[in-house]
Amino acid sequence: MAREAVAWPPEETLSLWKREQARLKALVVDRDTEAWQRDAAFSGLQRVGGVDVSFVKGDSVSACASLVVLSYPELEVVYEDCRMVSLTAPYVSGFLAFREVPFLVDAMRRLQEKEPRLVPQVLLVDGNGVLHHRGFGVACHLGVLTDLPCVGVAKKLLQVDGLENDAQHKEKIRLLRAGGDSFPLIGGSGTVLGMVLKSHEHSSKPLYVSVGHKISLEAAVRLTRGCCRFRIPEPVRQADIRSRDYIRRTLGVPGPPAPGQERSQKVQRPKVCPQEGSEEPEGEGRPPRGPQLRPQDNGKASSGSGELSWTWQRAQAA
């Protein structure tokens, strides 16, 4: 039986979230900080992490948070952690981190405690980094709290700072011929917010790569391309596959398509409620995870920010 949706947060919670984003944004490092990032072949990079949160169909509260670690450059899974969680915050455009990051931080904490030698040297996130309404997307949030290099990899363009998925943008995408071809996303402010990347020779849809934390945009794009066997980089793809398979095995729901097939949507994602006046909810470069609530669905909800504890003191002291 589906559980009741988490209520829309009150204005004071949204204001708190904005202040927290602004505070943590000041800690973002948008340049290469590790020797392997500056090497053309990423010599020294051995472990790449991917995270994902998948949902139970028809249930806006239950989800599976997944963390995987892959060897590099082999891209073989060497560690996985899947766990069912209960969401404490609704999906609100621009605040995805407050819905998902607490559980991903918990997964990183468990890895640090159980297998510290397998802690990834970089994390790839299904979402945006500095390509965000306030320049601080989920990849930035997770990167700052874990103190790890982090890359945002979104499947759809987040239309901020004058960026539009218009005819001109689509024509630029059409001109991406070979895997690895890219072009910059330059906002109306003149800031380069990310790169549009044709990640695979046979993919007709690009990825939107942006800096999360402790890596340059150039290195982030090269790494994303280097992790792609299919359109979606393997760390994110494996986290997605394994989280949905865990839901199937744990709850006995219908299974996902066979691994190895390119997928653009999660089979266990519930139907979403589009924003008024738009065909698709904007989100942070992807459809909302779970039903999207509107302000008229008033109520109270926990911000969930109290759960973001790993390296919290370090972030505050930096």
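**Notebook: sheet, cores and Tyr72**

I started with the sheet: eight strands make an open, mixed sheet ordered β3-β2-β1-β4-β5-β8-β7-β6. Strands here are DSSP E runs of at least two residues and helices are H or I runs of at least four, numbered from the N terminus; two strands pair if DSSP finds at least two bridges between them. The edges are β3 and β6 (182-186), each pairing on one side only.

Note to self on provenance: this is a predicted model, with local features needing pLDDT of at least 70 and side-chain atom pairs pLDDT 80 or more, while totals for chains, interfaces and linings use all residues. Residues count from 1 along each chain as its sequence is written, and side-chain values use heavy atoms, without hydrogens and water.

Next I checked β6: it runs antiparallel to β7 (residues 192-197) over five bridges. L185 has G194 in β7 as its bridge partner.

Then the largest nonpolar core (buried Ala, Val, Leu, Ile, Met, Phe, Trp, Tyr and Cys joined through side-chain atoms within 4.5 Å): I found 35 residues, with L67, L111, L123 and L142 having the most contacts inside it. α2 gives the most to this core, nine residues.

I looked up L123 too: beyond four places in sequence, its contacts (heavy atoms within 4.5 Å) include L67, M108 and L142. A second, separate core has 28 residues, among them V151 and M195.

Last, Y72, in the β2-β3 loop. Y72 counts as buried (under 20% relative accessible area, 1.4 Å probe, protein chains only) because its relative accessibility is 12%. Its C-alpha is 6.4 Å from that of L45, 27 residues apart in sequence.

Notes
Buried means under 20% relative accessible area, exposed over 50%, partly exposed in between (1.4 Å probe, protein chains only).
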